[in-house]
Amino acid sequence: MRLSSMLRNKSRPESLDTTASCDIHIDITEEFISVNGMKFSIPCHKDELKSIFGEWMFSMDNITGTSLRYIYIWHEIGIVAYSKDDENVNCVLIQFYPSEKKKAINLPKKVFGGSVTVNGESWITLFKEEKYLRIERIRMPLKLVHYGNFTLCMSGDTKHKKSIKSLGINQKTTLGLGGK
């Protein structure tokens with residue numbers, strides 16, 4: 001069953017409903033990502049994500065200022081996928097906090113309302129272990145960690161849960177980061 005069909009209906013007006021209410025559990029292991037038991041890895045073909053999350057609600061190409069040229073957004077579940085070639089997805093972004101830019105077209109309209117774990121434990125724990133952490137400063141703090149076949153990228157601060165903006169799951173990069 002596609003995850004888009006698992007969304008619960010709410011009676012609140014959409015303008016007040018910014019958290020996607022869904023029964024989605026994402027678990028990241030060293031080899032693959034499991035979404036309610038359906039496994040995939042990164043990179044993956046965009047149709048593989050379509051079979052898991054359902055039809056994306058928005059897509060665009062030629063994103064300026066980035067090497068990722070194509071974007072696929074599942075507004076109702078708070079997930080975005082990025083691709084360089086309109087076929088293979090290189091990054092999946094889970095949005096936890098609404099964008100400060102009210103008209104950001106490259107982010108979902110709702111934030112993720114499911115759960116995310118790494119090998120069954122809270123994913124935030126991985127970012128609190130300094131030996132797996134390197135902080136890069138761009139516009140906001142980014143924390144990167146290698147974990148198995150992936151590089152996980154968190155924007156925000158683990159000390160203040162409400163300031164965690166998103167978690168990106170990327171193909172493992174060649175950066176000199178520590179990790180498992």
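Here are three short exercises, with solutions, on this predicted model.

**Exercise 1.** Work out how the open sheet is put together and which strands stand at its edges.

*Solution.*
- Start with the strand order: 5 strands line up as β3-β2-β1-β9-β10, and their pairing is mixed.
- Now look at the two ends. β3 (38–40) and β10 (121–122) each have a single partner strand, so one side of each is left without a neighbour in the sheet.
- Zoom in on one pair: β2 (residues 33–35) and β3 run antiparallel, and 3 bridges join them. Here, valine 35 sits opposite methionine 38 in β3.
- Finally, add helix α1 (residues 46–53), which lies across β2 and β3 and runs at about 160 degrees to β3.

**Exercise 2.** Find the largest nonpolar core and follow one of its residues, Trp74.

*Solution.*
- The largest core has 37 residues, and Trp74 is among those with the most contacts inside it, along with others including Ile26, Phe40 and Trp123.
- Which helix gives the most to this core? That's helix α2 (residues 123–128), with 4 residues.
- Next, check what Trp74 touches further along the chain, skipping residues up to four places away: the list includes Leu49, Phe53, Trp56, Ile79 and Pro108.
- Don't mix this up with a second, separate core of 8 residues, which includes Ile73, Val80, Tyr82 and Leu107.

**Exercise 3.** Decide whether isoleucine 124 is buried or exposed.

*Solution.*
- First, place the residue: isoleucine 124 belongs to helix α2.
- Buried means under 20% relative accessible area. Isoleucine 124 has 13%, so it counts as buried.
- One more distance: the C-alpha atoms of isoleucine 124 and methionine 154 are 9.0 Å apart, with the two positions 30 residues apart along the chain.

How values were computed. Residues are numbered from 1 along each chain as its sequence is written. This is a predicted model: local features need pLDDT of at least 70, side-chain atom pairs count only at pLDDT 80 or more; totals for chains, interfaces and linings use all residues. Side-chain values use heavy atoms; hydrogens and water are left out. A nonpolar core is a set of buried Ala, Val, Leu, Ile, Met, Phe, Trp, Tyr and Cys residues joined through side-chain atoms within 4.5 Å. Buried means under 20% relative accessible area, exposed over 50%, partly exposed in between (1.4 Å probe, protein chains only). Helices (H or I, at least four residues) and strands (E, at least two) are DSSP runs, numbered from the N terminus. Contact means heavy atoms within 4.5 Å. Two strands pair if DSSP finds at least two bridges between them. Axes are lines fitted to C-alpha atoms, for helices over the stretch in contact, and angles run from 0 to 180 degrees between N-to-C directions.
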